[in-house]
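The following exercises ask the reader to work through the sheet, a helix pair and the cysteines of one structure. Each task is followed by a solution in steps.

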Amino acid sequence: MNPKIDRRKFIQITAMAGAATAIMPHSLFSSPVVNEKVKLGVIGTGLRGQWMLWLAAKRPDVEIPAICDIDDGMINAALKILKDAGQPAPRIYKNGDEDFKNMVANESLDGVFIATPWEWHHAMSVAAMNNGIHVGTEVPATLTVEDCWDLVNTSERTGKHCMIMENVCYRRDVMAILNMVRQGLFGELLHCQGGYQHDLRHVKFNDGKQPYGGGVEFGEKGYSESKWRTEHSMNRNGDLYPTHGLGPVSTMLDINRGNRMMYLTSTATQTRGLHKYIVEQGGEDHPNADVEFKLGDVVTTVIKCANGQTIMLSHDTNSPRPYSLNFRIQGTQGIWMVDNNSIYIEGVSPEEHRWESDVEYMKKYDHPLWKRFGDQASSSGHGGMDFFIVRAFIESLKRDVSPPIDVYDAVSMSVICPLSEESIRKNSTSVKIPDFTRGKWKMNKPIFGMNEEY
Ligand SMILES: NC(=O)c1ccc[n+]([C@@H]2O[C@H](COP(=O)([O-])OP(=O)(O)OC[C@H]3O[C@@H](n4cnc5c(N)ncnc54)[C@H](O)[C@@H]3O)[C@@H](O)[C@H]2O)c1
């Protein structure tokens, strides 16, 4: 223990840790396995789909009988991954944009993983659930408030789960901080920040042959995300990708489980970065230099929670900048900030008013899940978080139980997209956030990352 720690505060923190353990609900994953092997379909075998396919295919408890995409190149890459993993060749659905409907109707699947452009997630999730198939969808799950309700209603009516594959919830530092939050290290939480701060200019534009850079093409002439993602920057102004920042913060604030988000305001800067990039890379005469973009370069959203806290989200993808998910977790006792890996806990940190490095805290509070699976996860790439999100989805299918990030989380994270657009359209007016749990948030208990099992 740090010699400077105040004894009264230490007892307070330890007592809170004990209380947190006592209220943990019975583990979902202590439910028995009902399917030793799960049949998983994949819709969208682009770059993300291939990566997740690779992670799923090397698991001995997964079969992949069917895949769906509309691009031969992406399908061939997926077939190679399956072959290399020793999986039999799957049936292929590739006859146009709506062929996924045939896949979910014809195939006997336990679950589908959806990694298509954003605008398809809702339709594909609903089609799968209506055909008795559980869903793991990439982020965000939907783009409109109406479709959020449709996902919830379909999941409740069919009894099929709709997990949002928000992998950042499983990031090692984020889970260690969650552990610290639950042990009371930060006291009562006051304010949390997160965001998607990622210079995506070389993703939004490329040469149509490679995923990153080399040109300023997009849409029909683009490759991978530039084919579809860039158009969202043309047509929408709001937080287009809130879930990587909001997912982790939601677990720390017990959103949908004792707390909920009530209203938000969003404000956008002017729009400069994408046009500037086109001109600098492609020249003023490039046809895309005439394209007008709607998305503000930096979009800031502030959310108010029922239990008093504020959440600040940032969306920042059009300017030169180092990658950062902008996390800051602040409570009555202390504060953590990801950008300089720094922490300050009153009565624990050696010097008053000064940051200290978070390195020792990360080791000490490493989450039990990471302690158990860290080696396997770390060797699985992408910081290990994708190992956990795939595992959580597959294990929930095997046990036929609700996943640890469920349909209510899927929509409460995703609804920020349309609501932030609405707020910006109305000069940053406050917009109400629906309660998709219909009041159940008051009684629901936290389910994410409660122990070493899920
Ligand atoms: N969680 C993460 O860390 C993470 C990382 C990357 C991407 N993503 C998300 O994954 C999703 C896919 O992104 P990506 O990078 O793989 O993009 P991508 O463009 O490489 O892949 C999308 C694939 O969907 C296919 N597709 C499009 N319409 C289809 C339809 N109607 N039916 C079947 N297939 C269709 C495309 O042909 C393409 O192969 C997006 O939602 C993205 O935001 C998440």
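Two strands count as paired if DSSP finds at least two bridges between them. The model examined here is a predicted one.

**Exercise 1. Determine the strand order of the open sheet and state which strands stand at its edges.**

Step 1. The open sheet contains 6 strands, and their order is β3-β2-β1-β4-β5-β6. The pairing is parallel.

Step 2. The edge positions belong to β3 (91–93) and β6 (162–164). Each has a single partner strand, so one side of each lacks a neighbour in the sheet.

Step 3. From one strand to the next, the twist averages 25°.

**Exercise 2. Establish how many bridges join β4 to β5, and which residue is the bridge partner of F113.**

Step 1. Strand β4 covers residues 111–114 and strand β5 covers residues 134–137; the two run parallel and are joined by 4 bridges.

Step 2. The partner of F113 in β5 is G136.

Step 3. β4 is also touched by helix α2 (residues 47–57), which packs on the sheet and contacts β1 (38–43) and β2 (62–68) as well. The direction of α2 makes about 155° with that of β2.

**Exercise 3. Classify the relative orientation of α15 and α16, and describe their contact.**

Step 1. The axes of helix α15 (residues 407–414) and helix α16 (residues 416–425) come within 5 Å and cross at roughly 25°.

Step 2. Angles under 35 degrees count as roughly parallel. Helices α15 and α16 are therefore roughly parallel to each other.

Step 3. On the α15 side, the contact involves S412, M413 and S414; on the α16 side, I416, C417 and P418. By class, this contact has 4 nonpolar residues, 2 polar residues and no charged residues.

**Exercise 4. Explain why C169 forms no bond to the closest cysteine sulfur, and state whether C148 is buried or exposed.**

Step 1. A disulfide is a covalent bond joining the sulfur atoms of two cysteines. The cut-off applied to a pair of cysteine sulfur atoms is within 2.5 Å.

Step 2. The structure holds 0 disulfides. For C148, the nearest cysteine sulfur is that of C417, 8.2 Å away.

Step 3. The closest cysteine sulfur to that of C169 lies in C192, at 13 Å, which is too far for a bond.

Step 4. Buried means under 20% relative accessible area. C148 is buried, at 0%, and C169 is buried, at 2%.

Notes: Residues numbered from 1 in each chain as written. Predicted model: local features only at pLDDT ≥ 70, side-chain atom pairs only at ≥ 80, totals over all residues. Heavy atoms only, no water. Axes fitted to C-alpha atoms, helices over the stretch in contact; angles between N-to-C directions. Contact = heavy atoms within 4.5 Å. Parallel < 35°, antiparallel > 145°, perpendicular 65-115°, else oblique. Nonpolar A, V, L, I, M, F, W, Y, C, P; charged D, E, K, R; others polar. Buried < 20%, exposed > 50% of the residue type's maximum accessible area, 1.4 Å probe, protein only.
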